[in-house]
Amino acid sequence: MSSKSRDAKAAEIRRLLAEEGASVAENTRGFNEGRYESVARLDDYDELKAEARAIKEDAIERLPELIEEVRESVEANGGTVYLADDAADANQYIAEVVKDRDADTVVKSKSMTSEEIAVNDHLEARGTEVWETDLGEFVLQVADEAPSHIVAPAIHKSREGIAELFNAHFDVAEPLETAEELTQFAREYLGERIEEAEVGMTGANFVAAESGTMALVTSEGNARKTIQATDTQVAVAGVEKLIPTVSDLQPFVELIGRSGTGQDITSYVSLFTPPVESPTVDFADDETPLSEVGSDDREFHLVLIDNGRTAMREDDQLRETLYCIRCSACANSCANFQSVGGHAFGGETYSGGIATGWEAGVEGLDTAAEFNDLCTGCSRCVNQCPVNIDIPWINTVVRDRINRGDGGAGGESAEFDWLVEGLTPDEEPGGVSLQKRFFGNFETVAKVGSALAPASNWLADRAPSRWAMERILGIDRRRELPAFESQTLVEWFEARGGSRIAPTAADREAVLYPDLYTNHVQVKRGKAAIRVLEALGVSVRVPEMASSGRAPLSQGMIATAERHAEEVAPPLLDHIEAGRDVVVVEPSDLAMFEREYGKLLDGERHRALADGSYEVLEYVYGLLEHGEEVESLAAGEGEAVAYHSHCQQRTLDLEPYTTAVLDAADYDVITSDVECCGMAGSFGYKAEYYDLSMDVGEQLRDQFTAPETSDRTVVASGTSCLEQLDSLLLGRESRHPVELLDPKQ
């Protein structure tokens with residue numbers, strides 16, 4: 001990305017933050033909180049998710065079979081099934097249906113798949129009026145805007161903005177103001193459009209192949225009116241919406257409302273086996289509006305759309321995208337999405353975390369590339385997805401393909417590759433941007449930085465250097481750079497003579513993994529971790545090791561990350577085989593061992609490394625539970641602490657260990673419930689995303705500057721969290737929790 005492109009992207013993000021950010025934040029955070037409360041009332045939440053996942057896996061595996069089954073079912077009911085290859089094919093078929101019915105007006109209920117094929121534009125170009133009857137979609141139709149959210153398309157609009165829009169667009173007797181007035185106006189206006197319409201178009205959340213039964217999960221009654229009030233129904237659905245049977249709906253009905261809007265169940269869950277049997281309606285006949293001929297006049301057309309889905313099904317990495325039930329939990333739980341919404345974090349149709357998979361599959365890598373970097377890989381969406389899709393991994397794979405130019409998107413020009421040739425020991429092809437190469441090879445940067453420190457720190461912080469880094473590498477000059485230590489943790493440990501506890505005198509031996517930042521920048525937290533472990537009777541080793549590969553992976557440089565994994569795993573597995581535990585200070589590196597190494601190593605090595613590795617406070621908690629004395633550690637004596645846990649640490653459910661240990665050591669702990677600091681490693685350094693990262697961080701700043709926390713010691717587990725907190729709370733240095741327990745402090 002050129003400096004000019006970065007400037008343009010940063011400007012667009014600032015515009016969206018200013019114009020849409022407040023409404024998006026209020027609504028998505030409300031959905032998110034509602035989801036937490038609603039799923040907490042389920043005793044079998046994880047079982048439901050596993051059941052839903054299994055049904056989708058089975059359905060996608062048997063997709064060709066289910067397509068033929070639903071064709072037979074629908075045709076037996078008197079309807080028609082059309083399998084459309086792509087958007088143009090689907091639109092042509094729908095236009096023919098509308099023409100055959102001599103329809104001047106089509107009314108629609110909300111359907112993202114119809115957005116995907118842009119059917120409104122196609123029909124309107126042929127002289128047919130098309131009206132959205134979902135309130136949010138209607139607002140956007142009037143405003144001539146695209147949806148910014150999968151479930152709540154007008155989430156970026158405030159009530160005041162909608163009132164201004166309606167009052168300007170419609171000839172209303174009195175200005176509309178309240179939500180009730182706006183809703184009533186829309187209801188009456190769209191009621192007239194529904195009366196005029198000959199064709200009703202819907203989507204389908206699920207379609208049962210055995211019977212052709214469609215499930216529509218909605219918050220408004222417009223879908224039912226669209227179907228019942230018109231003689232002809234066209235249902236548009238991607239082929240992935242097929243499930244085997246109606247009984248398979250059960251876990252999805254339990255999960256979809258909770259996951260999307262935090263409702264135990266949505267206002268309407270409608271099951272139709274079309275053509276529906278209810279009588280047709282003659283709105284002009286006040287005496288007998290219901291047709292005496294019953295449902296004989298009704299037509300039903302199920303348009304199943306492929307549009308890239310078959311290719312996604314055959315793609316081992318994108319296949320999981322087809323399990324998506326379009327609930328938007330990934331979007332609502334994403335800190336970046338909460339700030340900017342789907343007009344930045346989305347493509348032609350789909351938005352939020354899963355959008356990268358959809359857009360790459362149905363539109364191509366060019367579209368996905370426009371917003372793919374907004375996924376920071378924090379993994380907060382992983383546990384929120386009701387079908388357990390590994391969304392960050394899909395985003396990483398697509399990022400890798402964009403870097404490599406697979407599929408036609410193309411990486412950046414390779415004309416500057418000569419600048420970094422030999423300096424970037426990665427496995428990537430030419431064309432990967434200098435910015436990504438810099439952050440993806442941060443191990444090299446750190447080694448050089450430490451070797452030349454303090455001169456390297458002084459030079460990097462000079463104004464000309466910052467200007468050059470911003471112009472060439474896109475590192476925002478407002479972000480404070482890390483200061484490299486001249487003596488790394490490994491060097492300090494060797495100079496110290498190794499562990500103070502001999503292996504023969506210890507009950508346990510541990511290998512402290514010297515992650516990139518602990519070894520080169522946050523050396524003090526590494527020293528503290530060693531002393532804490534030794535105080536609890538553990539003999540410690542700190543070997544020189546390669547970095548985990550987190551840095552290249554976050555840039556979508558999978559081959560390089562895989563090489564790191566292959567370098568890191570053998571020596572650590574040797575230690576585990578010898579009975580030593582692996583202790584990790586940096587949560588994002590532990591997450592690599594636990595999660596991403598499952599994609600980079602064979603299953604046996606991954607499982608052994610994951611099982612033998614522990615986050616440092618998790619390990620301390622285990623030692624205390626097995627009889628070690630907390631009095632061996634520095635006592636808090638009631639010191640007030642404000643603690644922010646790392647996002648990936650939370651995904652792994654490790655936060656409780658830290659708070660439990662601090663409580664045991666007599667610290668008075670208040671924990672942040674903000675889910676992300678917004679820094680996310682390299683993300684917050686990048687000029688195009690700096691303002692967004694700081695906007696996300698505002699929640700954390702507000703929480704840690706409130707009266708009950710403003711005078712507390714600030715602690716955080718992750719490097720990125722510590723850096724962001726230092727930027728947010730100027731002059732109030734943050735610390736890793738293990739430093740509080742250091743007997744030498």
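**Notebook: aromatic pairs and the four-stranded sheet**

I counted the ring pairs first: the structure holds 25 aromatic pairs. One of them joins tyrosine 513 and phenylalanine 593. I noted 5.3 Å centre to centre and 70 degrees between the planes, an edge-to-face pair. The pair links distant parts of the chain, with tyrosine 513 in strand 11 and phenylalanine 593 in helix 29, 80 residues apart.

This is a predicted model, so I checked confidence before going on. The protein averages a pLDDT of 94, and 97% of the residues score at least 70. I flagged residues 407-411, where the pLDDT is below 50. That stretch still has 10 contacts in the model beyond near neighbours in sequence.

Is tyrosine 513 buried or exposed? Tyrosine 513 counts as buried because its relative accessibility is 0%. I looked up its partner too: phenylalanine 593 is also at 0%, so it counts as buried.

Next I traced the sheet. It is open, has four strands in the order 12-11-13-14, and pairs in parallel. Strand 12 (538-541) and strand 14 (613-615) are the edges, each pairing on one side only. The twist averages 35 degrees from one strand to the next. Strand 13 (residues 581-584) meets strand 14 over three parallel bridges. I found valine 584 bridged to glutamate 615 in strand 14. Helix 29 (residues 587-600) lies across strands 11, 13 and 14, at about 145 degrees to strand 14.

Last, I looked at another aromatic group. Ring pairs link Trp131, Phe138, Phe166, Phe170, Phe185 and Tyr189 into a cluster. Arginine 193 places its charged end over the ring of tryptophan 131, 5.9 Å from the centre. Arginine 193 also lies over the face of tyrosine 189, 4.4 Å from the ring centre.

Technical notes
Residues are numbered from 1 along each chain as its sequence is written. This is a predicted model: local features need pLDDT of at least 70, side-chain atom pairs count only at pLDDT 80 or more; totals for chains, interfaces and linings use all residues. Side-chain values use heavy atoms; hydrogens and water are left out. Two strands pair if DSSP finds at least two bridges between them. Helices (H or I, at least four residues) and strands (E, at least two) are DSSP runs, numbered from the N terminus. Axes are lines fitted to C-alpha atoms, for helices over the stretch in contact, and angles run from 0 to 180 degrees between N-to-C directions. Contact means heavy atoms within 4.5 Å. pLDDT is the predictor's confidence in each residue, from 0 to 100. Rings of Phe, Tyr and Trp (its six-membered ring) pair if their centres lie within 6.5 Å; planes under 30 degrees apart count as stacked, over 60 as edge-to-face and the rest as tilted. Buried means under 20% relative accessible area, exposed over 50%, partly exposed in between (1.4 Å probe, protein chains only). A charge sits over a ring if NZ of Lys or CZ of Arg is within 6 Å of the ring centre and within 35 degrees of the ring normal.
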